[in-house]
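Let's take a relaxed tour of one protein model, from a single pair of side chains out to the whole chain. Have a look at the picture first, then read on.

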Amino acid sequence: MAEKVPSWIERLLLPKLSELSGEVKALNAKVESLEKVINGLRNEMGSMRNEIGGIRNEMGSLRNEMLARFDAVNTRIDSLEKSISTKEELAEIKARLAILEKKVL
């Protein structure tokens, strides 16, 4: 009777063990496939981070360039305001001079 139990267990369990072994192999293959996908995604994310860093640098450069241009425009406007102010003062002096010339003559 002791010899019959192991053969019975063997007949019952071996097909199940073989089936489970196949399933484990299939799961391992899926896990390896997922690992490859994850590694690919990690690489893409690294590339994207580098691109974002480059874009940030470009944006910083553009910002600095725009600030420099705004400063140049402000300087020009200040210069024009001074010029207009000087022209207004000159016109006022001419008008006063004309009045004084009329009084003297």
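Start with Glu65 and Arg69, whose side chains meet in a salt bridge at 2.9 Å, N to O. The term salt bridge here means a side-chain nitrogen of Lys or Arg within 4 Å of a carboxyl oxygen of Asp or Glu. Glu65 and Arg69 are four residues apart in helix 1, so about one helical turn separates them.

Before going further, a word on where this comes from: the model is predicted, local features need pLDDT of at least 70, side-chain atom pairs count only at pLDDT 80 or more, and totals for chains, interfaces and linings use all residues. Residues are numbered from 1 along each chain as its sequence is written, and side-chain values use heavy atoms, with hydrogens and water left out.

How many salt bridges does the rule give? The count comes to two, and here they are:

| Salt bridge | N to O distance |
|---|---|
| Glu65 and Arg69 | 2.9 Å |
| Glu92 and Arg96 | 2.8 Å |

Glu92 and Arg96 are also four residues apart in helix 1, about one helical turn. Are these side chains buried or exposed? Glu65 is partly exposed, at 37% relative accessible area, and Glu92 is partly exposed too, at 42%. Arg96 counts as exposed, at 53%. (Buried means under 20% relative accessible area, exposed over 50%, and partly exposed in between, with a 1.4 Å probe and protein chains only.)

Now for the helix itself. The protein chain has one helix and zero strands; helices are DSSP runs of H or I with at least four residues, strands are E runs of at least two, and both are numbered from the N terminus. The chain's radius of gyration is 44 Å, well over the 13 Å that the globule rule gives for 105 residues, so the chain is more spread out than a compact globule. (That radius is taken over C-alpha atoms, and the rule is 2.2 Å times the number of residues to the power 0.38.) Along the principal axes, the C-alpha atoms fill a box of roughly 150 × 15 × 15 Å. Buried residues make up 0% of the 105 residues.

Helix 1 covers residues 4-104, and Leu17 lies in it. Leu17 also helps make a nonpolar surface patch of about 670 Å², along with Trp8, Ile9, Leu12, Leu13, Leu14 and Leu20. Such a patch joins nonpolar side chains (Val, Leu, Ile, Met, Phe, Trp, Tyr) within 5 Å, using residues with over 30% relative accessible area and no salt bridge.

Definitions and conventions. Patch = residues over 30% accessible without salt bridge, like charges linked within 9 Å, V, L, I, M, F, W, Y side chains within 5 Å. Areas by Shrake-Rupley, 256 points an atom, 1.4 Å probe, with all protein chains shown as cover.
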